[in-house]
Amino acid sequence: MRCDKISRRTLLSALSLLPAVRYLRGQQTPTFSTGVKVVNVFATVRDTKGQIVRDLNKDDFVLDEDGRPQNIQYFTRETDLPLTIGLLVDTSGSTRRVLPDERNASYKFLEQVLREDKDLAFLIHFDFEVELLQDLTASRQKLEKALDMLETGQGRQVNRGQTGGGYPGGGYPGGGYPGGGYPGGQQRRGGGGTCMYDSVLLASDDVIKKQTGRKALILLTDGVDNGSKVSLFTAVEAAQKADTLVYSILFEDPNGNYSPVPMGMGRRRGMGMPMPRANQPDGRKVLQQISRETGGRFFEVSRKQPIDKVFAAIEEDLRNQYSLGYSPDRTEQSGSYRRIHLATKQPGLVVQTREGYYPS
């Protein structure tokens, strides 16, 4: 099962390498100058008990690129830098029982994290289609209104039959983005399944890539993708090139054992019938890979770790990051992926950061 069209302006666009950081005397925040390309790396550090370590300095870190030691030239503790957040919410039939909890927790998270004078956020939902319900905004009110519109694909099918359209703007997609549908006027309407990888690509390539500074996508899902046009590799690659962390939250319905495909969306190979989970990739492993390779974290909602605590942990991460910058010692621009390894000289500390980048 595959989703039809996907909105993407430049799938293989280059990673945004930040211009060189230049500190002016007396300034806490760096200014930027052109001429020298610098790779910027955001990192969070924890001790053996899982507590955030906030008092490290530049000399406490060691960094290499493809095994070659690099000189860390720029260093700051980022606790107040503007933040861009994307919420990607799974609205497939398999999430219908947990969707209300996802919505309520998202309300609280945005209320606590979003500073309307500094930060921006957007909301995408995905099931057999992907839609940007709310473009980048600093307004909590607009984001909450978009969250109120979340419903499963099956519920939308029922609503369409009764009202002629599940979302504002008549039909679907089209209500969330100016001009209707995706950027460029494209619409994605799949034949069935869940298009998680497509949603990561859309968020990375069409929305968050254009932003600077700290960026994070928060992916709320059961981890099952059985409808995307693009692969897991392509989704991860797009997030890496957008220089964004991906925090994955596995939120499964404990009573669900299948991923329903919306009725009326075709009949190839039994469409409209439940797809057994045994025939699908392990959603937990998929989400762990996405977060690990982009520098985010993986969480699994449980009784011991409810969704509210998960969001609190993500908030703590985003407010306690180190920013390190270096100029690679290799000047050739092959465009191939380069691996980064960042560690501390102090044993026992765990550094959370992205695994690499794509040079322009």
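Helix axes that meet at an angle over 145 degrees count as roughly antiparallel, and those under 35 degrees as roughly parallel. In this predicted model, helix H1 and helix H2 (residues 140–148) pack at an angle of about 170°, and H1 and H2 are therefore roughly antiparallel to each other. Two further helix pairs, H1 with H7 and H5 with H6, cross at roughly 30°. The model also holds 2 cavities of 30 Å³ or more.

**H1 against H2**

- The axes of H1 and H2 lie 10 Å apart.
- On the H1 side, the contact is made by Arg-103, Ser-106, Tyr-107, Leu-110 and Glu-111.
- H2 contributes Arg-140, Leu-143, Glu-144, Leu-147 and Asp-148.
- By class, the residues of this H1–H2 contact are 4 nonpolar, 1 polar and 5 charged.

**H1 against H7**

- H1 (residues 99–113) and helix H7 (residues 307–318) have axes that come within 9 Å and cross at roughly 30°.
- Because of that angle, H1 is roughly parallel to H7.
- The crossing of these two helices is right-handed.
- From H1, the residues in contact are Asp-101, Ala-105, Ser-106, Lys-108, Phe-109, Gln-112 and Val-113.
- From H7, they are Ile-307, Asp-308, Phe-311, Ile-314 and Glu-315.
- The contact of H1 with H7 comprises 6 nonpolar, 2 polar and 4 charged residues.
- Ser-106 of H1 takes part in the contact with H7 and also in the contact with H2.

**H5 against H6**

- The axes of helix H5 (232–241) and helix H6 (residues 283–294) come within 9 Å, with a crossing of roughly 30°.
- H5 is therefore roughly parallel to H6.
- The H5–H6 crossing is right-handed.
- Leu-232, Val-236, Ala-239 and Gln-240 are the H5 residues in this contact.
- They meet Val-286, Gln-289, Ile-290, Glu-293 and Thr-294 of H6.
- The classes in the contact of H5 with H6 are 5 nonpolar, 3 polar and 1 charged.

**Cavities**

- Of the cavities in the model, the largest has a volume of about 120 Å³.
- The largest cavity is lined by 15 residues, and those closest to its centre are Phe-42, Asp-243, Thr-244, Leu-245 and Thr-294.
- Strand E9 (214–221) and helix H5 are the elements that give two or more residues to this lining.
- The lining divides into 5 nonpolar, 6 polar and 4 charged residues.
- Thr-294 is among the residues closest to the centre of the largest cavity, and Thr-294 is also one of the H6 residues that meet H5.
- H5 thus appears in two settings: H5 gives residues to the cavity lining, and H5 packs against H6.

Technical notes. Residues numbered from 1 in each chain as written. Predicted model: local features only at pLDDT ≥ 70, side-chain atom pairs only at ≥ 80, totals over all residues. Heavy atoms only, no water. 1 Å grid on protein atoms, 1.4 Å probe; cavity = no way out; pocket = protein on both sides within 12 Å on 5 of 7 lines; lining within 4 Å. Points joined across faces, edges and corners; volume = space filled by probe spheres on them. Helix = DSSP H or I, 4+ residues; strand = E, 2+ residues; numbered from the N terminus. Nonpolar A, V, L, I, M, F, W, Y, C, P; charged D, E, K, R; others polar. Axes fitted to C-alpha atoms, helices over the stretch in contact; angles between N-to-C directions. Parallel < 35°, antiparallel > 145°, perpendicular 65-115°, else oblique. Left-handed = near helix turned anticlockwise from the far one by under 90°. Contact = heavy atoms within 4.5 Å.
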